[in-house]
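Colleague: Before we discuss the details, could you put the sequence and the coordinates up, so that we can go through them together?

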Amino acid sequence: MFNIEDYNYDLRQDLIAQVPSSSRDSSRLLFVDRQKSEFSDHHFYNLPSLLKAGDLLVVNNTRVVPARLFGRKDSGGLIEALVLEHQDGEALSDTRWCLIKSSKRPKKGARLFFENGVSGIVEDSIEDGLARISFHGPQTIDNLMEEKGIMPLPPYIRRDDNGFAGLDRERYQTVFSRNRGAVAAPTAGLHFTDESIGRLRLAGIELVELTLHVGHGTFRPVRVEDIREHRLGEETYIIEPDAAEDINRARRAKRRVIAVGTTVVRTLESAIDAGGEIVAGRGKTGLLIYPGYQFRVVDGIITNFHLPKSSLLFLVAAFGGYELIKKAYMRAIEMGYRFYSYGDAMIIL
């Protein structure tokens, strides 16, 4: 189960969700029971009935930046820049690492031209399309992104036009999103509504927030045969003191801690100290979780369905059990669940 091919599977193109569901909590929800090795089919609005009073849901309140910008090179050729570094309560310069797409990689010193009179100079250019660009003009790069930027949807969402841009600005954010800094949504949280949160609280289920800014490195292709040799890019997380205390209190009371998304799993499992307590504060995590990992904090996971051969799928297999998760994915395909960012979800308990 450490060979990358163990995490491959075939998926019909029509099962890759291209648009969000009609309402956030109308998405489907596959229940995976680890104890009984059983599955059952639900909708996300059924979530309170699948949990129990005293459970603690931990969600990620990062906010996705509309970080995709379109422009031109000196030659007139089109260019697309995904800005990877973002302000999060700390001032950043207008020189940022970006992921560049163009017919030819711009060289060091090349000038790039964007909307609103903003231009860029390539200060450094390395492999995989990464370039460090200094932005100049009448407004900051952050203001330009908020005004003209496009949400950085993953490449498997393919559309003929940009008519969904307004919808994406709303639906590719969770209702928890507060702290600006992600280049991808924590997609398990996309299914929650204010109403469903209210129903959870009425059922005695507590919610607490933390922040992990999802970075480009999370989706870096796995290019090694042995998954244990893969390396994730580090991502910044923030756990406020009140949130840490809520989680520690739940764990001391033997209540279940259920992570909403793989980002929350990695944050919690990175922030626990030798004494078994979640430590408040700001940190970075590059934690790679694969089968054999001993979970110290998380008792359940709510997550979307992930790409083949991805580090996110390794994590889910580590928690649910490799064989059980393999069967769960086969069932989801047979039952016509919608996959990936705008797709359906599963809960593993």
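Colleague: Since this is a predicted model, I would like to begin with a single side chain: in which loop does His86 lie, and which residues is His86 in contact with beyond its neighbours within four places in sequence?

Modeller: Leaving aside the neighbours within four places in sequence, His86 is in contact with Val65, Ala67, Leu92, Arg96, Met145, Arg180, Gly181 and Val183. Its relative accessible area is 11%, and because buried means under 20%, His86 counts as buried. As for its place in the chain, His86 lies in the loop between β6 (78–83) and β7.

Colleague: Arg96 is among those contacts; which residue does Arg96 meet in a salt bridge, and at what N to O distance?

Modeller: Arg96 is buried, with a relative accessible area of 0%, and the acidic residue that pairs with Arg96 is Asp142, itself buried at 6% relative accessibility. Arg96 lies in strand β7 (residues 95–102) and Asp142 in helix α2 (residues 141–148), so the salt bridge ties together parts that are 46 residues apart in sequence. The partner is therefore Asp142, and the N to O distance, against a cut-off of 4 Å, is 2.6 Å.

Colleague: Which residues make up the network of salt bridges that includes Arg96?

Modeller: Arg96 and Asp142 both belong to the network, and Arg180, which appears among the contacts of His86, is linked into it as well. The full set of linked residues is Asp94, Arg96, Asp142, Glu146 and Arg180.

Colleague: Turning to Arg256, how many residues apart in sequence are the parts that its salt bridge with Asp55 ties together?

Modeller: In this pair the closest N and O atoms of Arg256 and Asp55 are 2.7 Å apart. Arg256 lies in the loop between α5 (241–252) and β14 (257–260), whereas Asp55 lies in the loop between α1 (47–50) and β3 (56–60), so the bridge joins parts whose separation in sequence is 201 residues.

Colleague: Is Asp55 buried or exposed?

Modeller: The cut-off for a buried residue is under 20% relative accessible area. Asp55 has a relative accessibility of 1%, so its class is buried.

Colleague: What separates Glu245 and Arg249 along helix α5, and how far apart are their closest N and O atoms?

Modeller: Glu245 and Arg249 are 4 residues apart in helix α5, which means that about one helical turn lies between them. Both are partly exposed, Glu245 at 31% relative accessibility and Arg249 at 39%. They form a salt bridge in which the closest N and O atoms are separated by 3.9 Å.

Colleague: Which residues have the most contacts inside the largest nonpolar core?

Modeller: This core has 68 residues, and there is a second, separate core of 21 residues that includes Phe31, Phe176, Leu200 and Ile347. Within the largest core, Leu268 is one of the residues in question; leaving aside its neighbours within four places in sequence, Leu268 is in contact with Val58, Leu210, Ile247, Val257, Ile278, Val297 and Val298. The residues with the most contacts inside the largest core are Val58, Leu268, Ile278, Phe339 and Met346.

Colleague: Which helix supplies the largest share of the lining of the second largest pocket?

Modeller: About 210 Å³ of space lies in this pocket, and among its 13 lining residues Asp6, Asn8, Tyr9, Lys326 and Tyr329 lie nearest its centre. By class the lining has 9 nonpolar, 1 polar and 3 charged residues. Two helices, α7 (311–320) and α8 (322–334), each supply at least two lining residues, and the largest share, 6 residues, comes from α8.

Colleague: Finally, which loop holds Lys254, and what is the approximate phi of Lys254?

Modeller: Most residues other than glycine have a negative phi. Lys254 is exposed, with a relative accessible area of 76%, and its place is in the loop between α5 and β14. Its phi is positive although the residue is not a glycine, with a value near 60°.

Conventions: Residues numbered from 1 in each chain as written. Predicted model: local features only at pLDDT ≥ 70, side-chain atom pairs only at ≥ 80, totals over all residues. Heavy atoms only, no water. Salt bridge = Lys/Arg side-chain N within 4 Å of Asp/Glu carboxyl O. Buried < 20%, exposed > 50% of the residue type's maximum accessible area, 1.4 Å probe, protein only. Core = buried A, V, L, I, M, F, W, Y, C linked by side-chain atoms within 4.5 Å. Contact = heavy atoms within 4.5 Å. 1 Å grid on protein atoms, 1.4 Å probe; cavity = no way out; pocket = protein on both sides within 12 Å on 5 of 7 lines; lining within 4 Å. Points joined across faces, edges and corners; volume = space filled by probe spheres on them. Nonpolar A, V, L, I, M, F, W, Y, C, P; charged D, E, K, R; others polar.
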